[in-house]
Amino acid sequence: MTSIDIFVLAATLIVGAILVWPRLSGARLWQATTTPLASIIGSGFLVLGPILDVSFGRYAPLAMAGLCAVAYAFGWAVRYNIASIERQTGSRPMLEERMDDLASWVLAFAYFISVAYYLNLFGAFAVDLTPFAGDLAARLVTSSVFLLVLAVGWFRGFKALEGLERVSVGLKLAIIAGLLAGLAWYGAGQVSSGDIVLAPATVTGWQAITLGFGLIVTVQGFETSRYLGNIYDAQTRIRSMRVAQWLSTAIYLLYIVLLTYAFPPVAGKLEETEIIDMMRIVAVSLPILLVVAALSAQFSAAIADTGGSGGLISELSGRRLEPRHAYLVLVAVGLGLTWLADIFEIIAYASRAFAAYYGVQAALAAFTARRREGGTMRIAAFAGLAVLGIAMAILGTPVE
């Protein structure tokens with residue numbers, strides 16, 4: 001075992017130990033933070049680095065900062081809505097109620113696409129280190145897992161699998177710490193030898209903007225705090241969302257800086273599992289650790305979003321539709337996307353769906369602020385975010 005492998009494994013174990021430390025794991029704010037944090041730093045973390053490196057070159061950290069800033073702005077609108085609902089004493093105006101319902105329907109539909117996104121990445125990473133690596137094998141694995149999810153949801157529900165999310169969060173964050181440690185070690189070597197990479201951008205102008213629109217799903221997930229009202233009070237949810245977004249922004253920016261300036265952009269066709277091949281030259285242990293992180297993260301995220309979609313649809317339909325009927329439609333949509341689209345197209349579709357949701361949330365915040373005399377600047381900012389969300393939903397494009 002090389003020195004860098006020891007360093008990677010040590011960082012992974014140390015962070016893992018910190019995450020299970022009772023003072024941290026038992027803290028209510030941290031428990032509330034783990035759900036949005038797990039959603040933000042999910043599968044997108046693994047695919048986003050190579051995408052930005054190839055597309056934006058030396059400017060990839062700026063693109064990453066832009067994505068995080070837009071996500072934080074949308075988070076501001078969602079947090080405002082959480083607070084306004086908490087302050088509400090009487091019944092809400094009909095328009096706000098209808099917009100809130102519309103946002104929930106859009107989110108339920110967005111979950112349909114996000115589950116396809118998660119499970120297609122699951123399939124790709126599951127076969128990547130095997131002799132069967134390839135699109136056909138990955139799609140067969142994805143289809144099998146979709147059918148498994150449907151069977152579990154239809155006959156038993158997902159209660160038995162709920163504990164998987166917390167285990168997955170700790171495992172994923174610990175492995176990400178190991179990844180960052182390995183990249184820092186490798187990057188330090190590149191700096192000392194004068195081999196810093198300053199690649200030019202291959203995507204510029206309007207094309208770069210619409211590509212960014214198509215990547216918003218990779219920093220999505222903070223909105224889950226909005227729907228934890230049966231567990232945490234409004235103030236805890238607002239604080240936990242802020243903590244999750246700031247922490248994920250710091251991790252994403254460090255990751256992109258280390259990756260961008262240490263590795264040349266991938267030549268040829270970009271694969272969804274490209275990060276595995278890139279990390280082979282850093283440490284022998286990293287590809288295996290990243291596959292473990294990817295599989296646990298994708299499966300737990302898919303379960304969470306499947307359950308969330310079924311619950312939302314059942315609630316919005318006044319319990320006329322059972323959650324398992326939503327699961328059936330979700331799996332049908334997911335299987336269609338699996339066999340008719342590639343992963344980068346699915347990422348763009350998911351981004352469009354979540355952008356539409358954020359646009360509706362921002363519009364709701366604008367109407368609420370107007371009713372509560374929230375100030376002209378605040379109302380204008382929320383209205384601008386609503387327009388931006390709809391524009392992203394219409395114009396987002398996939399990686400070529």
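**Close-up views of charged and aromatic side chains**

**View 1. Arg226 is a buried residue that pairs with Asp100.** At 11% relative accessibility, Arg226 counts as buried in this predicted model. Its partner Asp100 is buried too, with a relative accessible area of 10%. The two form a salt bridge, and their closest N and O atoms are 2.8 Å apart. Arg226 sits in the loop between α9 (205-213) and α10 (234-260), while Asp100 belongs to helix α6 (residues 94-128), so the pair ties together parts that are 126 residues apart in sequence. As a general reminder, side chains of opposite charge can pair when their charged atoms come close.

**View 2. Asp128, Asp277 and Arg280 make up a network of salt bridges.** Look here at Arg280 and Asp277, whose closest N and O atoms are 3.0 Å apart. Arg280 is partly exposed, at 42% relative accessibility. Asp277 is partly exposed as well, with a relative accessible area of 34%. In total, the model has 5 salt bridges.

**View 3. Arg324 meets both an acid and a ring: Glu322 and Trp154.** The salt bridge between Arg324 and Glu322 spans 3.3 Å, N to O. Arg324 also lies over the face of Trp154, at 4.4 Å from the ring centre. Arg324 has a relative accessible area of 29%, which makes it partly exposed, and Glu322 is partly exposed at 39%.

**View 4. Arg79 lies over the face of Tyr72.** From Arg79 to the centre of the Tyr72 ring is 4.5 Å.

**View 5. Lys172 is a buried lysine in helix α8.** Helix α8 covers residues 163-192. With a relative accessible area of 6%, Lys172 counts as buried. Leaving aside residues up to four places away in sequence, Lys172 touches Ala38, Ile41, Gly42 and Ala297.

**View 6. Phe122 and Phe299 form a tilted aromatic pair.** The model holds 13 aromatic pairs, by ring-centre distance. In the one shown here, the rings of Phe122 and Phe299 are 6.2 Å apart, centre to centre, with 50 degrees between their planes. Phe122 belongs to helix α6 and Phe299 to helix α12 (residues 285-316), so this pair links parts of the chain that are 177 residues apart. Both Phe122 and Phe299 are buried.

**View 7. Six rings join in a cluster.** Ring pairs connect Phe74, Tyr111, Phe222, Phe354, Tyr357 and Tyr358.

Terms used
Residues numbered from 1 in each chain as written. Predicted model: local features only at pLDDT ≥ 70, side-chain atom pairs only at ≥ 80, totals over all residues. Heavy atoms only, no water. Salt bridge = Lys/Arg side-chain N within 4 Å of Asp/Glu carboxyl O. Helix = DSSP H or I, 4+ residues; strand = E, 2+ residues; numbered from the N terminus. Buried < 20%, exposed > 50% of the residue type's maximum accessible area, 1.4 Å probe, protein only. Contact = heavy atoms within 4.5 Å. Phe/Tyr/Trp six-rings, centres within 6.5 Å; stacked < 30°, edge-to-face > 60°. Lys NZ or Arg CZ within 6 Å of the ring centre and 35° of its normal.
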